[in-house]
Amino acid sequence: MRRIATTLMATCLLFFVACSDEGDVVTIYNGDTFTSDYKASQMFSTLSLYENIARQPEMVKELMRATAKLAQYDTITAIAPLDKEAEVERGTARGKCLAACFSSIARQPEAYDDIVWAAEKFLGTTEIKSMSEKILKYSRLYALEGVTEAVARQPEIVDLFDSFSVKFLGIGIK
């Protein structure tokens, strides 16, 4: 009986330790990777903004205002520095968002300026000092899906995609 009680108490203790609050560490499943960096999660949460600008370009201000409130940041500088502790996660989140930007530009080329404005605001360009080469490397890798889809969908505006790529990925696609 004593052994059962000891085992039961040890099990309860392990259960409570496993359920304890770990602070600000948040793990979010975003398709095929787990993101435990809050800044990366904030960046990734803006993905639908770019898709919805293409759907309703006349609502860009309202969409950006709602995104800023719910993502809890209004410019990339608010979550900077994009430091070394989670470069892979931040680059991945940024790349997936940029893939959505490419797809949205292909869907609605007339919304290009609005999509660029939103991407500058929430994802940052290559000119940000804390935008490391590792973040750019992962951004390029995960943006590729959107790049190929966009070029296949709208090959006649490849110059537009090229300039977007240079601004946000630091390298052209041509």
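This tour moves through a predicted model from its nonpolar core outward to individual helices, loops and aromatic pairs.

**The core**

Begin by selecting Tyr 50, Leu 98, Cys 101, Leu 123 and Phe 164, which are the residues with the most contacts inside the largest nonpolar core, a set of 37 residues. Then colour the helices that supply at least two residues each to this core: helix 2 (38-44), helix 3 (47-55), helix 4 (60-71), helix 5 (87-107), helix 6 (112-122), helix 7 (133-153) and helix 8 (158-169). Helix 5 gives the most, with eight residues.

Centre the view on Leu 123 next and display what surrounds this side chain. Not counting residues up to four places away in sequence, Leu 123 touches Met 43, Thr 46, Tyr 50, Ile 76, Arg 94, Cys 97, Leu 98, Cys 101, Ala 118 and Met 131.

**Helix 4 and its two sides**

Select helix 4, whose 12 residues reach 16 Å from the first C-alpha to the last, close to the 16 Å expected at 1.5 Å a residue. Within helix 4, the buried residues are Val 60, Met 64, Thr 67, Ala 68 and Ala 71. If you look down the axis of helix 4, these buried residues fall within an arc of 100°, so they line one face of the helix. Turn to the other side of helix 4 and you will find Lys 61, Lys 69 and Leu 70, which are exposed. To see what covers the buried residues, show the neighbouring elements, which include helix 2, helix 3 and helix 6. Before leaving, step just past the end of helix 4 to Gln 72, where phi is positive, at about 70°.

**Helix 6 and an edge-to-face pair**

Helix 6 comes next, with Tyr 112, Ile 115, Val 116, Ala 118, Ala 119 and Phe 122 as its buried residues. They cover an arc of only 165° around the axis, which puts them on the same side of helix 6. Their packing partners are helix 2, helix 3, helix 4, helix 5 and helix 8. Just after helix 6, Gly 124 has a positive phi of about 80°.

Keep Phe 122 selected and turn to the aromatic rings, for which a search of the whole structure finds five pairs. Tyr 73 and Phe 122 have ring centres 5.5 Å apart and planes at 90°, so this pair is edge-to-face. The pair links distant parts of the chain, since Tyr 73 sits in the loop between helix 4 and helix 5 whereas Phe 122 belongs to helix 6, 49 residues apart. Both Tyr 73 and Phe 122 are buried.

**The aromatic cluster**

Move on to Phe 164 and Phe 168, whose rings form a tilted pair, 4.5 Å centre to centre with 35° between the planes. Both residues lie in helix 8, four residues apart, about one turn of the helix. Phe 164 is buried, with a relative accessible area of 0%, and Phe 168 likewise counts as buried at 0% relative accessibility. Extend the selection to Phe 102, Tyr 112 and Phe 161, which together with Phe 164 and Phe 168 form one aromatic cluster.

Within this cluster, focus on Phe 102, which is located in helix 5 and counts as buried at 0% relative accessibility. Leaving out residues up to four places away in sequence, Phe 102 touches Gly 146, Val 147, Ala 150, Phe 161, Phe 164, Ser 165 and Leu 169. A distance label between the C-alpha atoms of Phe 102 and Glu 51 should read 9.5 Å, although these residues are 51 residues apart along the chain.

**Helix 7 and the loop that follows**

Select helix 7, whose 21 residues should span 30 Å at 1.5 Å a residue, a value with which the 29 Å between its end C-alpha atoms agrees. Follow the axis of helix 7 to Ala 143, on which a kink of about 45° is centred. Ala 143 is also among the buried residues of helix 7, along with Ile 135, Leu 136, Ser 139, Gly 146, Val 147 and Ala 150. What covers these buried residues includes helix 5 and helix 8.

Finish at Gln 154, in the loop between helix 7 and helix 8. At 16% relative accessibility, Gln 154 counts as buried, the cut-off being under 20%. Apart from neighbours within four places in sequence, Gln 154 is in contact with Ala 106, Pro 109 and Phe 161.

Technical notes: Residues numbered from 1 in each chain as written. Heavy atoms only, no water. Core = buried A, V, L, I, M, F, W, Y, C linked by side-chain atoms within 4.5 Å. Buried < 20%, exposed > 50% of the residue type's maximum accessible area, 1.4 Å probe, protein only. Contact = heavy atoms within 4.5 Å. Expected span 1.5 Å × (residues − 1). Arc of directions from axis to C-beta. Phe/Tyr/Trp six-rings, centres within 6.5 Å; stacked < 30°, edge-to-face > 60°. Bend = angle between axes of the 7 residues up to and from the residue.
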